[in-house]
Amino acid sequence: MWSLPPPSLLHRLAAVAALAVGITVAAAASAKTVIVLNSDDDSLSVLDGDTYQETSRVYIGRSPNHLMMTPDTKFLLIADSEGNELVFIDRATGKIARRLGISDPYQIGFSPDAKWFVANSLRLNRVDIYDAATYKLVHRLPAETMPSHIAFSADSKTVFVSLQGTDRLIAIDLASGKVRWNVLVGPQPAGVWTRKTGTVLAAIMGSDHIAEVDPKSGAILRTIRTGRGAHNFQVSPDGKTLYVTNRVAGTISTLDADTLKVTGTLKAPGGPDDMVVTPDGQELWVTGRWRAWVDVIETASGALKATIPVGRSPHGIFMY
Amino acid sequence: MSDALMRLVGQVQGIVFQATVQPVLYWLGLMDWAEDVFEGLEVVLLGALAIAVTYILFRPLELWRPVERRTDRRAVWTDIVYTLVHKLGIVPAIIFLLLTPIGTAIDSYLRFKGYIPPTIEQVVPALRGWPLVTLLVYIVVLDFGEYWRHRLQHRLPWWWALHSLHHDQRQMTLWSDDRNHVLDDMLVATWDAAVALLIGITPGEFPFVIIGLRMIESLSHTNVRVDFGRIGGALLVGPQYHRLHHAIEHAQAPFDRTMGCNFAIILPLWDHLFRTARRTGQFLPTGVAALSGRAIRCGYLAHQVEGFRRLGHALAHLFSRCHPGFVAAFRTE
C-alpha cells in the first residue's frame with residue numbers, strides 16, 4: 001500500500017529535525033532508510049539501510065512508541081504516548097507539519113478503508129476510536145486492562161484489541177463502539193494480526209504460542225507453538241512468510257503464512273519486538289527492546305547481518 | 001562520555017533483565033509488567049551508580065573539612081540503610097505498586113472528562129527541538145513546586161510529624177538525604193503526580209541530569225565545611241545553606257514558622273523571592289530540639305514505627321485537642 005519516497009527524503013527529514021536541535025547530519029543518499037522510535041529516550045533514530053549505521057538521532061516527544069504512514073501516504077505519523085500527541089511528518093518536505101494533541105496514543109492504527117483511526121491507551125485502560133479524516137473522537141471505551149495491539153477486519157467494520165492485563169482479546173464494532181465479543185485468549189496477549197482468510201492471530205506473550213481466533217465468535221480455532229514470549233507479527237512483502245517475535249526466547253519464528261506451519265527459527269537476542277522487512281524480502285529488521293539495538297537478519301540464511309546501536313528501549317520501526 | 005556511560009548502563013540492564021528478571025516474570029505469568037520492571041531495573045542501576053559516585057566524590061570532602069566529627073555511627077548506619085532502600089528502588093517500587101492504580105484511575109477519569117495534561121512545550125512551542133532547554137525549564141518549574149511542597153511539610157503539623165524524621169538527624173552526612181518516612185515519600189510522590197497532571201512528565205532523554213540533581217541534594221546534606229559563596233550560594237543550594245535549614249534552632253516543636261528558612265531544594269531563588277532565605281555563614285548543630293535518644297538513634301524499621309507514632313500523636317492532637325501540645329506529642333523521654 002505504501003510507496004517508497006525519493007532516496008534522499010529521510011535525510012532531509014533528519015537534517016531538518018536535527019537542525020532544530022543544532023546537530024549536523026550527513027547528507028548521503030540511501031536506497032532504504034529506517035526510522036526507529038526509542039521510547040525511553042524520547043527520540044527517533046534514523047538508520048542508513050546501506051551502511052547499517054545510525055545517521056542521526058533527534059528528540060521527537062515523550063515516549064514515542066509506534067509509528068505508521070497515514071492512509072494518503074502524505075505523512076509519517078508518530079504517536080507520543082506520554083506527550084499526548086501525534087506528530088505528523090510531511091513526506092514531501094521532511095518537516096514536522098503538525099502536532100495534534102490527543103490522549104495517550106500508545107498503539108495506533110487506521111482501518112483499511114481509512115475511515116477510522118484507533119489509538120490504544122495501555123496505561124489508562126482505554127480504546128479511543130476517531131474519525132480518521134478529522135481526528136475527532138467518536139468513541140472512547142474503557143478496556144480492562146492494558147489494551148495493547150490492534151488489528152482490523154478486512155471490511156473495516158471491526159477492530160481487534162489485545163488486553164495484556166486480563167488475558168483477553170476483544171472485538172469492537174467501529175461504527176457503534178460496542179464490544180462484539182470479549183474472550184480469554186491466553187496469558188498476556190500482545191500482537192494481533194488479521195490473516196487473508198479473515199481469522200485473527202494473537203501472540204501469547206505469557207506463553208510460547210500464537211492463537212488463531214474466529215473473528216465472528218472469538219472462539220480459539222487452534223494454537224501454534226512458536227517460542228517463549230510470542231510478541232508480535234510481520235509478514236513478508238510477497239505475503240508468503242509470517243514472522244513472529246518471541247521476546248523471552250530471543251528468537252523469531254518463520255511460518256508459512258497460508259498454513260501457519262512453522263518453517264524455521266531465527267536468532268534475535270535482545271528482546272525482539274517490532275519488525276520490518278525490506279521490499280525485496282531479503283532482510284528482516286527487528287528492534288531489540290532490552291539491548292538498545294536493531295538487528296538486521298538475512299531472511300534466507302538466518303545470518304545476523306548487522307547489529308545497530310540505537311537509543312534506549314527501541315520499539316516501533318518503519319522503513320521507507 | 002555520558003552517552004557511552006548510559007550505553008554501558010543500558011547493556012548491563014539488558015543483560016541482567018534477560019538473564020534473571022524476564023525468566024522469572026515469564027514463569028510467574030507477569031509478562032504484562034515486563035516493560036515497567038525493565039524501567040525499574042534502570043532506576044536500580046542508576047541508583048547504584050549514583051550511590052557510588054556520591055560516595056567517591058563527597059566522602060573525601062567529609063574527611064577533608066568536616067563540620068563535626070562522626071560520633072554516632074549507628075545513626076549514620078541507619079541513614080545508609082535509608083539510602084539503599086530508596087536509591088536501589090525498594091521504596092519507589094512499593095510506592096509505584098500502591099499509588100499507580102489510584103493515579104491511573106484519576107488520570108483516566110480526567111481523560112474521559114476531556115482533560116489532557118499539557119506539556120510545557122505545548123504551552124511554549126519555541127522550546128520544541130531544544131530538549132535540554134526544555135528539561136531545564138521543567139527543573140525550574142518542578143523545583144518551584146518542591147519549594148512549596150517543602151514549606152507545607154513544615155507548616156502542616158501532621159506532615160511535619162512525618163517530615164521530622166528527616167530533620168531529627170543530629171549527625172548529618174552525605175547519606176542523610178533519603179532519611180524520610182515511607183508515608184512522607186508517598187505524599188511527595190502524590191505531589192509529583194499531581195504536578196505531572198498539570199505540566200506533563202519530565203523529558204526522559206537526559207537521565208544523568210536527573211542523577212546530577214539528586215547528587216546536589218546529597219551534597220547539600222554532606223558533613224563538609226563548604227559554602228558556595230555569595231554568587232554560587234545564590235544560584236545553587238549547598239551544604240552550608242541547607243545546614244541552616246536543618247539547624248536545631250529552626251526545628252523547634254511546636255514549629256516556629258517565622259524561624260524556618262532555606263526551604264529551597266535546588267535553587268535558592270525561591271527563598272529569596274518569598275523571603276525565607278537566611279545567610280549567616282555559620283555551620284550550626286542540626287536536629288530537632290524536642291527529639292533525642294531512642295526516637296532518633298534507632299534502626300530503619302524502628303525509625304519508621306517512630307514516624308507512625310509521631311503522626312498518630314499529631315492527628316490525635318489535631319482532631320481531639322486533648323493533648324497539651326505538639327511538643328508533648330513529640331517528647332518521648
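## A tour of loops, helices and a shared cavity

Start in chain A by selecting A:Thr73, which sits in the loop between β4 (64-69) and β5 (75-80) of chain A. Keep in mind along the way that this is a predicted model. The phi of A:Thr73 is positive, about 65°, although the residue is not a glycine. Most residues other than glycine have a negative phi. With a relative accessibility of 23%, A:Thr73 counts as partly exposed, because the buried class stops at under 20%.

Next, go to A:Ala114, in the loop between β8 (107-110) and β9 (116-121) of chain A. Here too phi is positive in a residue other than glycine, with a value near 65°. A:Ala114 is partly exposed, at 32% relative accessible area.

For the next stop, show the backbone from A:Glu144 to A:Thr145: the peptide bond joining them is cis, with omega near -20°. Most peptide bonds are trans. You will find A:Thr145 in the loop between β11 (136-142) and β12 (147-152) of chain A.

Now colour chain B by secondary structure. You should see 14 helices and zero strands. The C-alpha atoms of this chain fill a box of roughly 50 × 50 × 45 Å along the principal axes. Chain B has a radius of gyration of 21 Å, which agrees with the value near 20 Å for a compact globule of 333 residues. Of those 333 residues, 48% count as buried.

Select helix α4 of chain B, residues 90-112. Its 23 residues should span 33 Å at 1.5 Å a residue, and the end C-alpha atoms are indeed 33 Å apart. Look for a kink of about 40° at B:Leu99, shortly before the proline B:Pro101. B:Leu99 is also among the buried residues of α4(B), together with others including B:Val91, B:Ile95, B:Asp107 and B:Arg111.

Then move to α2(B), whose 31 residues reach 45 Å from first C-alpha to last, close to the 45 Å expected. This helix has a kink of about 30°, centred on B:Tyr55.

Finish at the largest cavity, one of four of 30 Å³ or more found in the whole structure. It holds about 60 Å³ of space. To display its lining, select A:Asp40, A:Arg289, A:Trp290, A:Arg291, A:Ala292, A:Arg312 and A:Ser313, along with B:Gly10, B:Gln13, B:Phe38 and B:Glu42. The elements giving two or more residues to this lining are α1 (2-28) and α2 (34-64) of chain B. By type, the lining has five charged, three polar and three nonpolar residues.

Terms used
Residues are numbered from 1 along each chain as its sequence is written. Chains are lettered from A and ligands numbered from 1 in the order in which they are written. This is a predicted model: local features need pLDDT of at least 70, side-chain atom pairs count only at pLDDT 80 or more; totals for chains, interfaces and linings use all residues. Side-chain values use heavy atoms; hydrogens and water are left out. On a 1 Å grid over the protein atoms alone, a cavity is a set of points where a 1.4 Å probe fits but cannot get out, and a pocket is an open set with protein on both sides within 12 Å along at least five of seven lines; lining residues have an atom within 4 Å of a point. Grid points are joined across faces, edges and corners, and a volume is the space filled by probe spheres set on the points. Helices (H or I, at least four residues) and strands (E, at least two) are DSSP runs, numbered from the N terminus. Ala, Val, Leu, Ile, Met, Phe, Trp, Tyr, Cys and Pro count as nonpolar, Asp, Glu, Lys and Arg as charged, and the others, Gly among them, as polar. The expected span of a helix is 1.5 Å times one less than its number of residues. The bend at a residue is the angle between axes fitted to the seven residues ending there and the seven starting there. The radius of gyration is taken over C-alpha atoms; the globule rule is 2.2 Å times the number of residues to the power 0.38. Buried means under 20% relative accessible area, exposed over 50%, partly exposed in between (1.4 Å probe, protein chains only).
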